[in-house]
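Trainee: I should like to learn how to read the features of a structural model.
Mentor: Let us go through them one at a time.

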Amino acid sequence: MSQFTEVIPRRGTRSVKWDMAEELYQDKDVLPMWVADMDFKTPQAVTEALQERVSHGIFGYTVADHLFRDYIVSWLERRHDWKVDGDWISYSPGVIPSLHMIIQALTEKADAILIQTPVYPPFYSVVNEHERTLVKNQLKLENDQYRIDFEDFEQKIIEHEVKVFILCNPHNPVGRVWTKEELMKMGDICVKHNVKIIADEIHADLVFKPNKHIPIASLSEEMKKMTITCLSPTKTFNLAGLQVSYLVTPDKSLREPVMNQFKQQGIHMLNTLGITALEAAYKDGDDWLEELLDTLEAHRDYVTERFEKETKSIRILPAEGTYLLWMDCRKLGFTQAELKKFMQKNAKVGLNDGASFGEEGNGFMRLNIAAPKDLIVEGTNRIINAVKEIE
Ligand SMILES: Cc1ncc(COP(=O)(O)O)c(C=O)c1O
(Lines give C-alpha, C1' and ligand atoms only; values in the text may rest on other atoms or scores of the structure.)
Protein backbone atom coordinates (compact mmCIF):
# COMPACT_ATOMS: atom_id res chain seq x y z
CA MET A 1 0.00 0.00 0.00
CA SER A 2 1.39 3.38 -0.95
CA GLN A 3 2.19 6.03 1.61
CA PHE A 4 -0.70 8.11 0.24
CA THR A 5 -3.37 5.40 0.26
CA GLU A 6 -2.96 3.89 3.72
CA VAL A 7 -5.66 5.01 6.17
CA ILE A 8 -3.87 5.72 9.44
CA PRO A 9 -6.11 6.14 12.50
CA ARG A 10 -5.49 9.53 14.12
CA ARG A 11 -8.08 9.46 16.88
CA GLY A 12 -6.44 9.52 20.28
CA THR A 13 -3.30 11.29 19.02
CA ARG A 14 -4.49 14.73 20.22
CA SER A 15 -5.23 15.62 16.62
CA VAL A 16 -7.26 18.82 16.33
CA LYS A 17 -8.85 17.56 13.12
CA TRP A 18 -9.94 14.16 14.50
CA ASP A 19 -10.10 14.48 18.26
CA MET A 20 -11.92 17.79 18.36
CA ALA A 21 -14.37 16.90 15.59
CA GLU A 22 -16.87 15.12 17.85
CA GLU A 23 -17.07 18.11 20.19
CA LEU A 24 -17.29 20.61 17.35
CA TYR A 25 -19.78 18.77 15.17
CA GLN A 26 -21.67 17.14 18.07
CA ASP A 27 -21.55 13.77 16.34
CA LYS A 28 -18.97 10.99 16.62
CA ASP A 29 -19.76 9.69 13.13
CA VAL A 30 -18.84 12.87 11.31
CA LEU A 31 -15.90 12.38 8.91
CA PRO A 32 -13.43 15.21 9.60
CA MET A 33 -12.43 17.03 6.39
CA TRP A 34 -11.71 20.42 7.92
CA VAL A 35 -8.46 21.73 9.58
CA ALA A 36 -5.60 22.26 7.10
CA ASP A 37 -3.36 19.35 7.93
CA MET A 38 -3.00 16.02 6.13
CA ASP A 39 -3.91 12.45 7.00
CA PHE A 40 -0.63 11.30 5.40
CA LYS A 41 2.62 10.41 7.12
CA THR A 42 5.50 12.82 6.66
CA PRO A 43 8.35 11.46 4.45
CA GLN A 44 10.20 8.47 5.86
CA ALA A 45 13.44 10.49 5.82
CA VAL A 46 11.85 13.02 8.20
CA THR A 47 10.60 10.32 10.58
CA GLU A 48 14.02 8.66 10.58
CA ALA A 49 15.82 11.94 11.26
CA LEU A 50 13.41 12.62 14.14
CA GLN A 51 13.88 9.10 15.54
CA GLU A 52 17.63 9.50 15.46
CA ARG A 53 17.39 12.88 17.16
CA VAL A 54 14.95 11.55 19.78
CA SER A 55 17.20 8.58 20.54
CA HIS A 56 19.95 11.03 21.51
CA GLY A 57 17.77 11.79 24.51
CA ILE A 58 18.94 15.34 25.23
CA PHE A 59 16.71 18.21 24.14
CA GLY A 60 18.50 21.26 25.45
CA TYR A 61 18.66 24.76 23.93
CA THR A 62 19.16 24.42 20.21
CA VAL A 63 20.70 26.73 17.64
CA ALA A 64 19.49 27.29 14.08
CA ASP A 65 22.99 27.45 12.58
CA HIS A 66 24.35 28.37 9.11
CA LEU A 67 24.01 24.83 7.83
CA PHE A 68 20.31 24.84 8.76
CA ARG A 69 19.82 28.19 7.04
CA ASP A 70 21.51 26.84 3.91
CA TYR A 71 18.85 24.14 3.58
CA ILE A 72 16.22 26.88 3.41
CA VAL A 73 18.23 28.92 0.89
CA SER A 74 18.68 25.85 -1.28
CA TRP A 75 14.97 24.88 -1.07
CA LEU A 76 13.80 28.33 -2.15
CA GLU A 77 16.18 28.36 -5.08
CA ARG A 78 15.44 24.77 -6.12
CA ARG A 79 11.65 24.89 -5.78
CA HIS A 80 10.85 28.54 -6.48
CA ASP A 81 13.79 29.94 -8.48
CA TRP A 82 14.23 32.46 -5.70
CA LYS A 83 17.78 33.34 -4.65
CA VAL A 84 17.76 34.60 -1.09
CA ASP A 85 20.64 35.63 1.13
CA GLY A 86 20.95 33.68 4.38
CA ASP A 87 21.03 36.96 6.32
CA TRP A 88 17.47 37.75 5.22
CA ILE A 89 16.12 34.72 7.09
CA SER A 90 14.73 34.78 10.62
CA TYR A 91 12.66 32.22 12.51
CA SER A 92 9.29 31.88 14.14
CA PRO A 93 7.23 29.08 15.70
CA GLY A 94 4.52 29.69 13.10
CA VAL A 95 3.20 31.95 10.38
CA ILE A 96 0.36 33.17 12.61
CA PRO A 97 2.77 34.30 15.37
CA SER A 98 4.80 36.02 12.62
CA LEU A 99 1.75 37.93 11.36
CA HIS A 100 1.09 39.17 14.90
CA MET A 101 4.71 40.24 15.36
CA ILE A 102 4.95 42.02 12.02
CA ILE A 103 1.71 43.93 12.53
CA GLN A 104 2.96 45.12 15.91
CA ALA A 105 6.40 46.00 14.59
CA LEU A 106 5.33 47.93 11.49
CA THR A 107 2.04 49.58 12.38
CA GLU A 108 0.37 51.66 15.09
CA LYS A 109 -3.09 51.43 16.61
CA ALA A 110 -5.83 52.32 14.07
CA ASP A 111 -3.49 52.01 11.06
CA ALA A 112 -5.26 50.53 8.05
CA ILE A 113 -4.38 47.01 6.91
CA LEU A 114 -5.67 45.57 3.64
CA ILE A 115 -6.76 41.95 3.11
CA GLN A 116 -8.45 40.19 0.19
CA THR A 117 -11.62 38.39 1.13
CA PRO A 118 -12.80 35.67 1.53
CA VAL A 119 -9.61 34.70 3.34
CA TYR A 120 -8.09 32.54 6.10
CA PRO A 121 -9.83 33.69 9.34
CA PRO A 122 -6.69 34.70 11.32
CA PHE A 123 -6.12 37.50 8.76
CA TYR A 124 -9.13 39.20 10.36
CA SER A 125 -8.17 38.48 13.95
CA VAL A 126 -4.55 39.54 13.52
CA VAL A 127 -5.80 42.99 12.48
CA ASN A 128 -8.65 43.26 14.98
CA GLU A 129 -6.78 41.96 18.02
CA HIS A 130 -4.19 44.73 17.69
CA GLU A 131 -6.90 47.35 17.17
CA ARG A 132 -5.79 48.15 13.63
CA THR A 133 -8.35 49.08 10.97
CA LEU A 134 -9.44 46.27 8.68
CA VAL A 135 -9.85 47.22 5.02
CA LYS A 136 -11.23 44.68 2.57
CA ASN A 137 -10.56 44.27 -1.13
CA GLN A 138 -13.21 41.69 -2.03
CA LEU A 139 -12.19 39.12 -4.60
CA LYS A 140 -14.62 38.91 -7.52
CA LEU A 141 -16.01 35.57 -8.59
CA GLU A 142 -16.34 35.61 -12.38
CA ASN A 143 -16.94 32.50 -14.48
CA ASP A 144 -15.90 30.22 -11.62
CA GLN A 145 -12.64 32.06 -11.00
CA TYR A 146 -11.75 34.55 -8.32
CA ARG A 147 -10.15 37.70 -9.71
CA ILE A 148 -8.71 40.83 -8.17
CA ASP A 149 -10.55 44.12 -8.48
CA PHE A 150 -7.42 46.24 -8.96
CA GLU A 151 -9.31 49.51 -9.14
CA ASP A 152 -10.87 48.82 -5.74
CA PHE A 153 -7.48 47.60 -4.44
CA GLU A 154 -5.83 50.96 -5.24
CA GLN A 155 -8.86 53.01 -4.25
CA LYS A 156 -9.01 51.40 -0.79
CA ILE A 157 -5.28 51.98 -0.30
CA ILE A 158 -5.64 55.68 -1.10
CA GLU A 159 -8.90 56.23 0.78
CA HIS A 160 -7.77 54.54 4.02
CA GLU A 161 -4.06 55.36 3.76
CA VAL A 162 -3.30 51.67 4.05
CA LYS A 163 0.05 50.89 5.68
CA VAL A 164 0.26 47.14 5.17
CA PHE A 165 -1.24 44.63 2.74
CA ILE A 166 -1.44 40.96 3.79
CA LEU A 167 -1.21 38.82 0.68
CA CYS A 168 -2.26 35.17 0.72
CA ASN A 169 -0.55 33.30 -2.11
CA PRO A 170 -1.60 30.61 -2.93
CA HIS A 171 -4.90 31.86 -1.60
CA ASN A 172 -6.71 29.98 1.17
CA PRO A 173 -9.66 29.26 0.69
CA VAL A 174 -10.25 30.07 -2.99
CA GLY A 175 -7.28 28.07 -4.32
CA ARG A 176 -5.92 30.72 -6.65
CA VAL A 177 -2.19 30.82 -7.38
CA TRP A 178 -1.72 34.45 -8.34
CA THR A 179 -0.06 34.92 -11.73
CA LYS A 180 2.99 37.04 -12.43
CA GLU A 181 0.77 39.73 -14.00
CA GLU A 182 -1.56 39.83 -10.98
CA LEU A 183 1.35 39.97 -8.54
CA MET A 184 3.10 42.69 -10.56
CA LYS A 185 -0.05 44.80 -10.60
CA MET A 186 -0.61 44.44 -6.84
CA GLY A 187 3.07 44.99 -6.12
CA ASP A 188 3.30 48.08 -8.32
CA ILE A 189 0.29 49.65 -6.57
CA CYS A 190 1.84 48.90 -3.17
CA VAL A 191 5.19 50.37 -4.21
CA LYS A 192 3.48 53.48 -5.64
CA HIS A 193 1.64 54.13 -2.35
CA ASN A 194 4.37 52.95 0.00
CA VAL A 195 2.36 50.00 1.33
CA LYS A 196 4.41 47.24 2.91
CA ILE A 197 3.54 43.68 1.95
CA ILE A 198 3.30 40.72 4.29
CA ALA A 199 3.29 37.74 1.94
CA ASP A 200 1.84 34.64 3.57
CA GLU A 201 3.17 32.00 1.20
CA ILE A 202 2.76 28.98 3.49
CA HIS A 203 1.04 27.02 0.68
CA ALA A 204 3.81 27.88 -1.84
CA ASP A 205 4.94 24.29 -2.40
CA LEU A 206 1.42 22.99 -2.98
CA VAL A 207 0.75 24.16 -6.52
CA PHE A 208 -0.65 22.13 -9.42
CA LYS A 209 0.84 22.27 -12.92
CA PRO A 210 0.79 24.32 -15.11
CA ASN A 211 0.48 26.95 -12.36
CA LYS A 212 3.65 28.17 -10.72
CA HIS A 213 4.18 29.82 -7.39
CA ILE A 214 6.01 33.13 -7.73
CA PRO A 215 7.26 34.78 -4.53
CA ILE A 216 6.10 38.40 -4.83
CA ALA A 217 9.41 39.57 -3.34
CA SER A 218 11.26 38.00 -6.28
CA LEU A 219 9.56 40.19 -8.89
CA SER A 220 11.46 43.49 -8.62
CA GLU A 221 13.99 45.35 -6.48
CA GLU A 222 11.23 47.63 -5.16
CA MET A 223 8.92 44.77 -4.20
CA LYS A 224 11.82 42.97 -2.55
CA LYS A 225 12.38 46.03 -0.34
CA MET A 226 8.70 46.31 0.65
CA THR A 227 8.01 42.66 1.46
CA ILE A 228 8.28 40.24 4.35
CA THR A 229 7.57 36.69 3.20
CA CYS A 230 6.34 34.07 5.68
CA LEU A 231 7.08 30.46 4.82
CA SER A 232 7.18 27.06 6.45
CA PRO A 233 7.59 23.36 5.72
CA THR A 234 4.60 22.52 7.92
CA LYS A 235 1.81 22.48 5.32
CA THR A 236 4.00 20.82 2.68
CA PHE A 237 5.29 18.00 4.88
CA ASN A 238 2.51 17.74 7.48
CA LEU A 239 4.56 19.06 10.40
CA ALA A 240 2.21 21.66 11.91
CA GLY A 241 2.52 20.15 15.39
CA LEU A 242 6.28 20.76 15.36
CA GLN A 243 5.89 24.51 15.00
CA VAL A 244 8.70 25.63 12.74
CA SER A 245 8.60 28.49 10.23
CA TYR A 246 10.70 31.34 8.89
CA LEU A 247 10.54 34.81 7.47
CA VAL A 248 12.47 36.20 4.50
CA THR A 249 13.01 39.95 4.82
CA PRO A 250 15.60 41.30 2.37
CA ASP A 251 15.42 44.90 3.57
CA LYS A 252 17.24 45.66 6.80
CA SER A 253 14.92 48.53 7.73
CA LEU A 254 12.00 46.06 7.82
CA ARG A 255 13.94 43.11 9.18
CA GLU A 256 15.32 44.85 12.25
CA PRO A 257 12.04 46.09 13.77
CA VAL A 258 10.42 42.71 13.16
CA MET A 259 13.31 40.81 14.72
CA ASN A 260 13.23 43.25 17.66
CA GLN A 261 9.55 42.53 18.15
CA PHE A 262 10.29 38.80 18.38
CA LYS A 263 13.11 39.57 20.83
CA GLN A 264 10.85 41.72 22.98
CA GLN A 265 8.40 38.84 23.25
CA GLY A 266 11.22 36.50 24.25
CA ILE A 267 10.94 34.37 21.12
CA HIS A 268 14.49 33.60 20.06
CA MET A 269 14.72 29.87 19.46
CA LEU A 270 13.12 27.16 17.36
CA ASN A 271 11.84 23.82 18.58
CA THR A 272 14.62 21.21 18.44
CA LEU A 273 12.51 18.64 16.61
CA GLY A 274 11.14 21.28 14.25
CA ILE A 275 14.71 22.07 13.20
CA THR A 276 15.46 18.40 12.61
CA ALA A 277 12.26 17.93 10.59
CA LEU A 278 12.78 20.99 8.38
CA GLU A 279 16.33 19.97 7.61
CA ALA A 280 15.39 16.41 6.62
CA ALA A 281 12.36 17.53 4.60
CA TYR A 282 14.24 20.19 2.66
CA LYS A 283 17.20 17.85 2.12
CA ASP A 284 15.37 14.67 1.13
CA GLY A 285 11.70 15.54 0.59
CA ASP A 286 11.55 16.44 -3.13
CA ASP A 287 10.46 13.05 -4.49
CA TRP A 288 7.87 12.59 -1.75
CA LEU A 289 6.49 16.06 -2.53
CA GLU A 290 6.14 15.25 -6.24
CA GLU A 291 4.16 12.14 -5.33
CA LEU A 292 2.03 14.12 -2.89
CA LEU A 293 1.22 16.69 -5.59
CA ASP A 294 0.18 13.95 -8.04
CA THR A 295 -2.05 12.45 -5.35
CA LEU A 296 -3.68 15.76 -4.45
CA GLU A 297 -4.24 16.63 -8.09
CA ALA A 298 -5.93 13.27 -8.67
CA HIS A 299 -8.14 13.84 -5.61
CA ARG A 300 -9.06 17.32 -6.77
CA ASP A 301 -10.04 16.01 -10.20
CA TYR A 302 -11.96 13.06 -8.75
CA VAL A 303 -14.02 15.19 -6.37
CA THR A 304 -14.65 17.90 -8.96
CA GLU A 305 -15.83 15.41 -11.56
CA ARG A 306 -18.12 13.51 -9.18
CA PHE A 307 -19.89 16.72 -8.13
CA GLU A 308 -20.08 17.90 -11.73
CA LYS A 309 -21.63 14.65 -12.92
CA GLU A 310 -23.85 13.77 -9.99
CA THR A 311 -25.23 16.97 -8.49
CA LYS A 312 -26.77 20.14 -9.79
CA SER A 313 -26.43 22.21 -6.66
CA ILE A 314 -22.78 21.94 -5.53
CA ARG A 315 -19.87 23.07 -7.62
CA ILE A 316 -16.18 22.72 -6.76
CA LEU A 317 -14.29 25.80 -7.84
CA PRO A 318 -11.07 25.03 -9.73
CA ALA A 319 -8.13 24.86 -7.33
CA GLU A 320 -4.74 25.85 -8.76
CA GLY A 321 -3.02 25.15 -5.46
CA THR A 322 -3.49 24.10 -1.78
CA TYR A 323 -5.30 20.94 -0.71
CA LEU A 324 -8.41 22.88 0.20
CA LEU A 325 -11.39 22.88 -2.13
CA TRP A 326 -13.86 25.76 -2.10
CA MET A 327 -17.34 24.38 -2.60
CA ASP A 328 -20.01 26.61 -4.03
CA CYS A 329 -23.22 25.36 -2.41
CA ARG A 330 -25.36 28.42 -3.12
CA LYS A 331 -27.71 26.53 -5.41
CA LEU A 332 -28.88 24.42 -2.46
CA GLY A 333 -30.72 27.56 -1.41
CA PHE A 334 -29.91 27.20 2.29
CA THR A 335 -29.08 29.86 4.81
CA GLN A 336 -25.51 29.41 6.14
CA ALA A 337 -26.85 27.88 9.36
CA GLU A 338 -28.93 25.41 7.33
CA LEU A 339 -25.97 24.59 5.10
CA LYS A 340 -23.72 23.84 8.07
CA LYS A 341 -26.43 21.71 9.68
CA PHE A 342 -27.01 19.85 6.41
CA MET A 343 -23.32 18.94 6.07
CA GLN A 344 -23.12 17.85 9.70
CA LYS A 345 -26.41 16.07 10.22
CA ASN A 346 -27.41 14.85 6.76
CA ALA A 347 -24.04 14.30 5.06
CA LYS A 348 -22.08 13.65 8.27
CA VAL A 349 -18.94 15.40 7.10
CA GLY A 350 -16.97 17.96 9.09
CA LEU A 351 -16.14 20.88 6.78
CA ASN A 352 -14.98 24.44 7.41
CA ASP A 353 -17.82 26.93 7.43
CA GLY A 354 -17.48 29.22 4.39
CA ALA A 355 -18.70 32.19 6.41
CA SER A 356 -15.73 31.90 8.78
CA PHE A 357 -13.63 33.26 5.85
CA GLY A 358 -15.80 36.39 5.71
CA GLU A 359 -19.31 37.25 4.64
CA GLU A 360 -18.31 36.52 1.01
CA GLY A 361 -18.12 32.87 2.10
CA ASN A 362 -21.84 32.59 2.72
CA GLY A 363 -23.16 29.67 0.67
CA PHE A 364 -19.70 28.05 0.57
CA MET A 365 -17.90 25.34 2.52
CA ARG A 366 -14.22 24.32 2.52
CA LEU A 367 -13.23 20.70 1.96
CA ASN A 368 -9.79 19.24 2.76
CA ILE A 369 -8.65 16.60 0.22
CA ALA A 370 -5.31 15.73 1.85
CA ALA A 371 -6.39 12.27 2.97
CA PRO A 372 -6.16 8.76 1.53
CA LYS A 373 -8.45 8.13 -1.46
CA ASP A 374 -10.77 5.83 0.55
CA LEU A 375 -11.63 8.72 2.87
CA ILE A 376 -12.06 11.12 -0.04
CA VAL A 377 -14.43 8.66 -1.73
CA GLU A 378 -16.34 8.19 1.54
CA GLY A 379 -16.69 11.94 2.12
CA THR A 380 -17.74 12.57 -1.47
CA ASN A 381 -20.32 9.78 -1.33
CA ARG A 382 -21.75 11.12 1.90
CA ILE A 383 -22.24 14.63 0.53
CA ILE A 384 -23.55 13.54 -2.87
CA ASN A 385 -26.01 11.03 -1.37
CA ALA A 386 -27.33 13.65 1.05
CA VAL A 387 -27.73 16.17 -1.78
CA LYS A 388 -29.48 13.66 -4.01
CA GLU A 389 -32.13 13.15 -1.35
CA ILE A 390 -33.16 16.78 -1.56
CA GLU A 391 -32.53 17.61 -5.21
C1 LIG B 1 -2.76 30.96 4.74
C2 LIG B 1 -2.32 30.33 6.02
N3 LIG B 1 -1.43 30.95 6.82
C4 LIG B 1 -1.01 30.40 7.97
C5 LIG B 1 -1.48 29.18 8.40
C6 LIG B 1 -1.02 28.61 9.71
O7 LIG B 1 0.31 28.82 9.90
P8 LIG B 1 1.06 28.32 11.23
O9 LIG B 1 0.53 26.98 11.58
O10 LIG B 1 2.51 28.28 10.79
O11 LIG B 1 0.82 29.36 12.26
C12 LIG B 1 -2.40 28.49 7.60
C13 LIG B 1 -2.95 27.20 8.06
O14 LIG B 1 -3.93 26.72 7.57
C15 LIG B 1 -2.83 29.08 6.38
O16 LIG B 1 -3.70 28.46 5.59
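**Strands, pockets and unusual bonds**

Mentor: Strand β12 (residues 324-328) and strand β15 (residues 364-368) run antiparallel and are joined by 5 bridges. This is a predicted model, in which local features need pLDDT of at least 70 and side-chain atom pairs count only at pLDDT 80 or more, while totals for chains, interfaces and linings use all residues. Residues are numbered from 1 along each chain as its sequence is written, and side-chain values use heavy atoms, with hydrogens and water left out.

Trainee: Which residue of β15 is the bridge partner of M327?

Mentor: Strands of a sheet pair through backbone hydrogen bonds, either parallel or antiparallel. Here the partner of M327 is M365. Strands are DSSP runs of E with at least two residues, helices are runs of H or I with at least four, and both are numbered from the N terminus; two strands pair if DSSP finds at least two bridges between them.

Trainee: In what order do the strands of the open sheet lie?

Mentor: The order of the 4 strands is β11-β12-β15-β14, with antiparallel pairing. Because β11 (315-316) and β14 (352-353) are at the edges with a single partner strand each, one side of each has no neighbour in the sheet.

Trainee: How is empty space found, and what is the volume of the largest pocket?

Mentor: Rolling a probe the size of a water molecule over the atoms shows where empty space is left. The largest pocket has a volume of about 1,200 Å³. Its lining has 47 residues, and A36, D37, N238, A240 and G241 are the closest to its centre. On a 1 Å grid over the protein atoms alone, a pocket is an open set of points with protein on both sides within 12 Å along at least five of seven lines, a cavity is a set where a 1.4 Å probe fits but cannot get out, and lining residues have an atom within 4 Å of a point. Grid points are joined across faces, edges and corners, and a volume is the space filled by probe spheres set on the points.

Trainee: Where does the largest pocket lie with respect to the domains?

Mentor: It lies between domain 1 (16-43 + 287-390) and domain 2 (48-283), because both give residues to the lining. These bounds come from an automatic or database domain assignment.

Trainee: Which residues surround the ligand?

Mentor: Among them are A36, G94, Y120, D200 and K235, each with a heavy atom within 4 Å of the ligand. As for polar contacts (pairs of N or O atoms within 3.5 Å), ligand oxygen atoms are 2.7 Å from a polar backbone atom of V95 and 3.0 Å from one of I96. A ligand oxygen is also 2.8 Å from an N or O atom in the side chain of N172.

Trainee: How many cavities of 30 Å³ or more does the search find?

Mentor: The search of the whole structure finds 1. The largest cavity holds about 40 Å³ of space, and its lining includes W75, E201 and Y282. Helix α4 gives the most to this lining, with 3 residues.

Trainee: Which peptide bonds are cis, and where is phi positive?

Mentor: Most residues other than glycine have a negative phi, and most peptide bonds are trans. The bond from N172 to P173 is cis, with omega near 20 degrees, and P173 is in the loop between β7 (164-168) and α8 (180-192). Another cis bond joins K209 and P210, with omega about 5 degrees. D144 has a positive phi, near 70 degrees, and sits in the loop between β5 (140-142) and β6 (145-147).

Key: Polar contact = N/O pair within 3.5 Å; in protein donor to acceptor, adjacent residues only side chain to side chain.
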